[in-house]
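Thanks for sharing this one. Here are a few notes to read alongside the coordinates, in the order I went through them.

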Amino acid sequence: MTTRAVRLLQLLDELRRRRKPVQGARLAERLGVSLRTLYRDIDALRGQGAEIAGDPGIGYQMRPGFLLPAMMFSAEELEALALGARWVAAHADPELADAAARAMARVGSALPEALRLQVETSGLFAPDWSASVPEPWLPTLRRAIREGLVLRMAYERDDGQASERRIWPFAMAFLDDKRLFVAWCELRGEFRHFRADRVRGLEPTGDASPQPRDRLLRRWRQEQGLPSAPACEDC
């Protein structure tokens, strides 16, 4: 890519990360260019179809709906995507692994030949040496997390006793040899951490979680003493 093409990508990224208008002087400072150059770059992006609202002295904001073309990734970003997709293929459930493969195929189809070949022949791998079999209800769990649904779960406790409970799942971790997830447990009235391999049954209740995922995540982080998620600048 040319220096200007890289700069335009950086400008798009700066605009897409913000939910409020940002002054041209602030953008110019972030990109290390003059204000006049910034105005020319914004005009160039608008000419290529980017819906950027605003004017000098008012500020600029990207309207929702504009997507960055896949072929605009840098070499390092493409390597990261390829490695991530391979890790998902090795550690996640078959449905998510297929989705990762389809996503990378879509990215590859939009890339110039040289970059497409670079992705397909990437030397970065993520083998799974544990050979653990993903739990069959992982798609149900992922959908509940994504859409904010309440699940009914049959679970085997640490002491081997069976329990039935309703949960509001909102986060999940894929480790090398196991899957863990976090949910609000109605039975206990608190956040609980569960091992997917101890789940004996999982089904939707048809109910929506009383609290959205972002609020549950924020509360859980506070209780765990974890730092808050990074805030978007100027959001």
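1. In what order do the five strands of the open sheet stand, and is the pairing parallel or antiparallel? The order is 6-5-4-3-7, and the pairing is antiparallel. Please keep in mind that this is a predicted model. Strand 6 (190-195) and strand 7 are the edge strands, each with a single partner strand, so one side of each has no neighbour in the sheet. From one strand to the next, the twist averages 40°.

2. Strand 3 (residues 149-156) deserves a look of its own. Six of its eight residues are buried, so the strand is mostly covered. Strand 3 is joined to strand 7 (residues 199-208) by six bridges, and the two run antiparallel. In that pairing, Leu151 stands opposite Pro204 of strand 7.

3. Strand 3 also pairs with strand 4 (residues 162-174), again in the antiparallel sense and over six bridges. Here you will find Arg152 opposite Arg166 of strand 4. The hairpin of these two strands has five residues between them, and Gly160 in that hairpin takes a positive phi near 90°.

4. On to strand 5 (residues 179-185), which pairs with strand 6 in the antiparallel sense over six bridges. If you want a register marker, Leu180 has Arg195 in strand 6 as its bridge partner.

5. Now the helices. Helix 1 (residues 3-16) and helix 2 (residues 24-31) have axes that come within 11 Å and cross at roughly 130°. That angle makes helix 1 oblique to helix 2. Helix 1 contributes Gln10, Leu11, Glu14 and Leu15 to the contact, and helix 2 contributes Leu27, Arg30 and Leu31. By class, this contact has four nonpolar, one polar and two charged residues. The crossing of helix 1 and helix 2 is right-handed.

6. The loop between helix 1 and helix 2 holds Arg17. Is Arg17 buried or exposed? Neither label fits: Arg17 is partly exposed, because its relative accessible area is 30%, and partly exposed covers values between the 20% and 50% cut-offs. Arg17 and Met62 are 45 residues apart along the chain, and their C-alpha atoms are separated by 8.9 Å.

7. Helix 1 packs on helix 3 (residues 35-47) as well, at an angle of about 80° and with the axes 10 Å apart. That makes helix 1 roughly perpendicular to helix 3. From helix 1 the contact takes Arg4, Arg7, Leu8, Leu11 and Leu12; from helix 3 it takes Thr37, Leu38, Arg40, Asp41, Ile42, Ala44 and Leu45. These divide into seven nonpolar, one polar and four charged residues. Leu11 appears in this contact and in the contact of helix 1 with helix 2.

8. Last, helix 4 (residues 75-91) and helix 5 (residues 94-109). How far apart are their axes, and at what angle do they pack? The axes are 8 Å apart and the angle is about 155°, and helix 4 and helix 5 are therefore roughly antiparallel to each other. Their crossing is left-handed. Leu78, Leu81, Ala82, Ala85, Val88 and Ala89 of helix 4 meet Leu96, Ala97, Ala100, Met104 and Val107 of helix 5. By class, the contact of helix 4 with helix 5 has 11 nonpolar residues, no polar and no charged ones.

How values were computed: Residues numbered from 1 in each chain as written. Predicted model: local features only at pLDDT ≥ 70, side-chain atom pairs only at ≥ 80, totals over all residues. Heavy atoms only, no water. Axes fitted to C-alpha atoms, helices over the stretch in contact; angles between N-to-C directions. Helix = DSSP H or I, 4+ residues; strand = E, 2+ residues; numbered from the N terminus. Parallel < 35°, antiparallel > 145°, perpendicular 65-115°, else oblique. Left-handed = near helix turned anticlockwise from the far one by under 90°. Contact = heavy atoms within 4.5 Å. Nonpolar A, V, L, I, M, F, W, Y, C, P; charged D, E, K, R; others polar. Buried < 20%, exposed > 50% of the residue type's maximum accessible area, 1.4 Å probe, protein only. Pairing = 2+ DSSP bridges.
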